[in-house]
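Hi everyone, thanks for making time for this. I'd like to walk you through one model, and please stop me whenever you want to look at something on the screen.

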Amino acid sequence: MDPLSDDTIPFGEENTANSTKLPHPCVTFFHLFFRVSAVLIYFFGRIFTDSFITLFVLIILLLSMDFWIVKNITGRIMVGLRWWNYVDDDGVSHWVYESRKHRVNSSEYRIFWAGLWSVTGMWILFFITSLFSINFKWMLLVSIALTLNIANLHGYIKCKGGNQENMGISSMASSFIFQNIGKVRETMSSLNNTPSSPPNIKPTGIV
């Protein structure tokens, strides 16, 4: 088989040219697009609609796409970092953090980390606001958003620090996400199903 026929780019062999222009403009765009869109819809969405369910579903979809793209694509291409996990023969989950030794573009490097830190900081602010306003519906949404963003941020900090394997916050974050799936379903069901009022029973007189 001709090796040139395989167009798969191995990890660590992406374009590393250090220039003033962004070598991966599309990747850089999508690194920011989904996470910024989720924040904007959370902040301004209630101006256009009063439906919590619509905003909830839309923001969760954006957060899910952002988590997948940042974890699997933008981190690898923009800064040469990758974190992932595997399960061994004993059923134990291992988290692996990899760092490419080649030089990366300085502009993409700054955009990547600025996007991670700034958006995570915004969700922390939103969580504090919803906590003090005692708005549990929005607190659930913000908790999911904060968990996804912190999981990616923690994973890439570990990659940058050269930690090859760890079972800490990333494992806890994944467990937290799956535990909240049931809470999300209960919240959606309670919003869709309005409890019916009990029937009025009139006492009958004794003859």
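I'll start with the overall layout, then go through the salt bridges, a bent helix, a surface patch and the cysteines.

One thing before anything else: this is a predicted model. The protein chain has 207 residues, and 37% of them count as buried. It carries five helices and two strands, and if you read from the N terminus the order is α-α-β-β-α-α-α. How much of the contact map comes from residues 24 or more positions apart? Counting contacts in the protein chain with a separation of 6 or more, such residues account for 76%. As for the outside, the protein chain exposes about 12900 Å², with carbon and sulfur atoms supplying 65% of that area.

Now to the charged pairs. The count comes to two salt bridges. Let's take Asp-66 and Arg-35, where the closest N and O atoms are 3.0 Å apart. What does this pair tie together? Asp-66 sits in helix H2, which covers residues 52-79, and Arg-35 sits in helix H1, residues 25-48, so the bridge connects parts that are 31 residues apart in sequence. Are the two partners buried or exposed? Asp-66 is buried at 3% relative accessibility, and Arg-35 is buried too, at 1%.

The other bridge joins Arg-82 and Glu-98, with closest N and O atoms 2.7 Å apart. Here the link runs between strands: Arg-82 belongs to S1, residues 81-87, and Glu-98 to S2, residues 93-99, with their positions 16 residues apart in the chain. Arg-82 is partly exposed, with a relative accessible area of 25%. Glu-98 has 19%, and because the limit for buried is under 20%, Glu-98 still falls on the buried side.

Please turn to helix H2 again. Where does H2 bend? The place is Val-70, and the angle there is about 50 degrees. Val-70 is buried, at 0% relative accessibility. And what surrounds Val-70? Setting aside neighbours within four places in sequence, Val-70 is in contact with His-31, Arg-35, Gly-75, Phe-112, Leu-116, Asn-152 and Tyr-156. You'll recognise Arg-35 in that list as the salt-bridge partner of Asp-66. Val-70 and Arg-35 are 35 residues apart in sequence, and their C-alpha atoms are 9.6 Å apart in space. Past the end of the helix, H2 is followed by Gly-80, which has a positive phi near 70 degrees.

Back to H1, this time for the surface. Which residues form the nonpolar patch? They are Leu-32, Val-36, Leu-40, Phe-43, Phe-44, Ile-47 and Phe-48, and together they have about 720 Å² of accessible area. Leu-40, one of these, is in helix H1 and counts as partly exposed at 44% relative accessibility. If you're looking at the numbering, here is a handy reminder: an α-helix has 3.6 residues a turn, so residues three or four places apart point the same way.

Last, the cysteines. How many disulfides does the structure hold? The number is zero. Cys-26 is exposed, with a relative accessible area of 57%, whereas Cys-159 is buried at 1%.

That's my tour, and I'm happy to go back to any of these spots with you.

How values were computed:
Residues are numbered from 1 along each chain as its sequence is written. This is a predicted model: local features need pLDDT of at least 70, side-chain atom pairs count only at pLDDT 80 or more; totals for chains, interfaces and linings use all residues. Side-chain values use heavy atoms; hydrogens and water are left out. A salt bridge is a side-chain nitrogen of Lys or Arg within 4 Å of a carboxyl oxygen of Asp or Glu. Helices (H or I, at least four residues) and strands (E, at least two) are DSSP runs, numbered from the N terminus. Buried means under 20% relative accessible area, exposed over 50%, partly exposed in between (1.4 Å probe, protein chains only). Contact means heavy atoms within 4.5 Å. Accessible areas come from the Shrake-Rupley method with a 1.4 Å probe; for residues, only the protein chains shown count as cover. A disulfide is a pair of cysteine sulfur atoms within 2.5 Å. The bend at a residue is the angle between axes fitted to the seven residues ending there and the seven starting there. Patches are made of residues with over 30% relative accessible area and no salt bridge: like charges are joined within 9 Å, nonpolar side chains (Val, Leu, Ile, Met, Phe, Trp, Tyr) within 5 Å.
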